[in-house]
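Reader: Hi! Could you walk me through this protein, a little at a time?
Author: Happily; let us look at the picture together and then take your questions.

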Amino acid sequence: MSKYIIEGGKKAQGEIVINGAKNSALPILSASVLCNKCVIHNCPGLTDVKAALNILEHLGSKYKIEGNTVILDNSNIVNNNIPDDLMREMRSSIVFMGAVISRCKGAEISYPGGCELGPRPIDMHISAMKKFGVSIEEKGGYLECKVKDKLKGCVINLPFPSVGATENAMIAAVNADGNTTIYNSAREPEILDLADFLNKCGAEISIDKTGTIYIEGVKKLCGEAEHTVISDRVEAATFLCAAAVTKGEIMLKKARAEHLTSVLPIFEEMGCFVKSSSEGIYIKGTENLKAPKLIRTMPYPGFPTDMQSPLMSAAAVSDGTSVFVENIFESRYKHVAELTRMGANIKTEGKVAIVTGVPHLHGAVTRCTDLRGGAAICIAALNAEGITQVNEISHIERGYENFDGKLKALGLEIKRER
């Protein structure tokens, strides 16, 4: 298996371009099932994106990739089943449920795979589909979904603003008979990007200031659509952490500050200088990084759970003590054991992690625990004295395109080995 060899002690300097958002590209690819031909620009070259394309190909889609543009021809989709091996390649594969049911009047899918972050129930997805009139029966680890005639518009009250359940409901609703209203929906920028894509396809979606989503069902979407995926706010935040821990100075081109309103003030609290513009986000680190006092992960616009672990690596080498409270996933502290192996002072109990900063970390042999946890270990390694070996980096490649190449472009010492 591939690994990273990272030598710490260098300052990040220069500029990089932030790629398209993984968490936007995946639901857009699944929603493309409802539109015969699509051109999707700024689609990141990730293993999770490849997994989504594998599912589309199995369903009957044809595609070609030109740089970061994916050209899809879904006019001959004939299958409505997604086998276990394809579903297990990523957690967000469940978002294909609404699209396949809507297009094929039914679906047979297994449970999704991906990072082991504790229970991520799909109950809300199933409940939403049933509201549309879908009958769902579990048989041997598969969900058999059937529609008698046509999906019916409905009112959905989500018990939690789940991103995936919101996306599935939106996608199913666009061709449903009648109107659909989704209350307590997720409000992430990726939700708005999905709505923008679907509207370009001919859907009738509007979202009010409270985040409530209104969808007027249409008979079918248009034959062709073209869309550019928004930039990845999680990737941007990860490289902001790299600048902070290395006391560096970098420019993140195409990063969008309006998607990071709960994140950028934390770097300023830590003593970094941050400036945003239409070009992107500039950050200059400080010689005396200060510990952020309290980080609580919350649904958007609160602090994102995906950014908790990379920021913890920065807090681990800051002056003072930070308290992290993880409110989204039960098992999102798996990276802590690897950080403590590198000399970090972190104590966890339940949802809470207490991080007491140390002057420096030291190199060690480590392994990626999950996608964002793996990125956190690499961020920590940039500060560490000596060499860090990061194993099982396939997790990182699920969500970061050319991760090592971008770090090299900033003057940091990293190489990928098999």
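Author: One definition helps before we start: a crossing is left-handed if the near helix is turned anticlockwise from the far one by less than a right angle, and right-handed if clockwise. Please also keep in mind that this is a predicted model.

Reader: Thanks! Which hand does the crossing of helix 10 and helix 12 have?
Author: Helix 12 covers residues 371-383, and its axis comes within 7 Å of the axis of helix 10. The two axes cross at roughly 20 degrees. By the definition above, the hand of this crossing is right-handed.

Reader: Are helix 10 and helix 12 roughly parallel or roughly antiparallel?
Author: We can work from the angle, which is roughly 20 degrees. Angles under 35 degrees count as roughly parallel. That is why helix 10 and helix 12 are called roughly parallel.

Reader: How many charged residues are in the contact of helix 10 with helix 12?
Author: On one side, helix 10 brings Ser-309, Pro-310 and Ser-313. On the other, helix 12 offers Arg-372, Gly-373, Ala-376, Ile-377, Ile-379 and Ala-380. By class there are 5 nonpolar and 3 polar residues, and the number of charged ones is 1.

Reader: Which residues of helix 10 meet helix 8?
Author: Helix 8 (residues 233-246) packs with helix 10 (residues 308-315) at about 5 degrees, their axes 9 Å apart. The two are therefore roughly parallel to each other. Helix 8 makes the contact with Thr-238, Cys-241 and Val-245, and helix 10 makes it with Pro-310, Leu-311, Ser-313 and Ala-314.

Reader: What hand does the crossing of helix 5 and helix 6 have?
Author: Helix 5 spans residues 123-131 and helix 6 spans residues 163-173, with axes 8 Å apart. Their angle of about 20 degrees makes helix 5 roughly parallel to helix 6. The crossing is right-handed.

Reader: How many nonpolar residues are in the contact of helix 5 with helix 6?
Author: Helix 5 contributes Met-124, His-125, Ala-128 and Met-129. Helix 6 contributes Gly-164, Ala-165, Asn-168, Ala-169 and Ala-172. No charged residues and 3 polar ones take part, and the nonpolar count is 6.

Reader: Which peptide bond is cis?
Author: Look at the loop between strand 18 (294-296) and helix 10, where Pro-301 is found. Omega is near 15 degrees there, and the cis bond runs from Tyr-300 to Pro-301.

Reader: What is the phi of Lys-105?
Author: Lys-105 sits in the loop between helix 4 (96-104) and strand 7 (106-110). Lys-105 is not a glycine, yet its phi is positive, at about 60 degrees.

Reader: How many charged residues are in the lining of the second largest pocket?
Author: This pocket holds about 180 Å³ of space. It is lined by 13 residues, and the closest to its centre are Leu-34, Arg-103, Asn-175, Lys-220 and Leu-221. The lining has 4 nonpolar and 4 polar residues, and its charged residues number 5.

Technical notes. Residues are numbered from 1 along each chain as its sequence is written. This is a predicted model: local features need pLDDT of at least 70, side-chain atom pairs count only at pLDDT 80 or more; totals for chains, interfaces and linings use all residues. Side-chain values use heavy atoms; hydrogens and water are left out. Axes are lines fitted to C-alpha atoms, for helices over the stretch in contact, and angles run from 0 to 180 degrees between N-to-C directions. Helices (H or I, at least four residues) and strands (E, at least two) are DSSP runs, numbered from the N terminus. Angles under 35 degrees count as roughly parallel, over 145 as roughly antiparallel, 65 to 115 as roughly perpendicular and the rest as oblique. Contact means heavy atoms within 4.5 Å. Ala, Val, Leu, Ile, Met, Phe, Trp, Tyr, Cys and Pro count as nonpolar, Asp, Glu, Lys and Arg as charged, and the others, Gly among them, as polar. On a 1 Å grid over the protein atoms alone, a cavity is a set of points where a 1.4 Å probe fits but cannot get out, and a pocket is an open set with protein on both sides within 12 Å along at least five of seven lines; lining residues have an atom within 4 Å of a point. Grid points are joined across faces, edges and corners, and a volume is the space filled by probe spheres set on the points.
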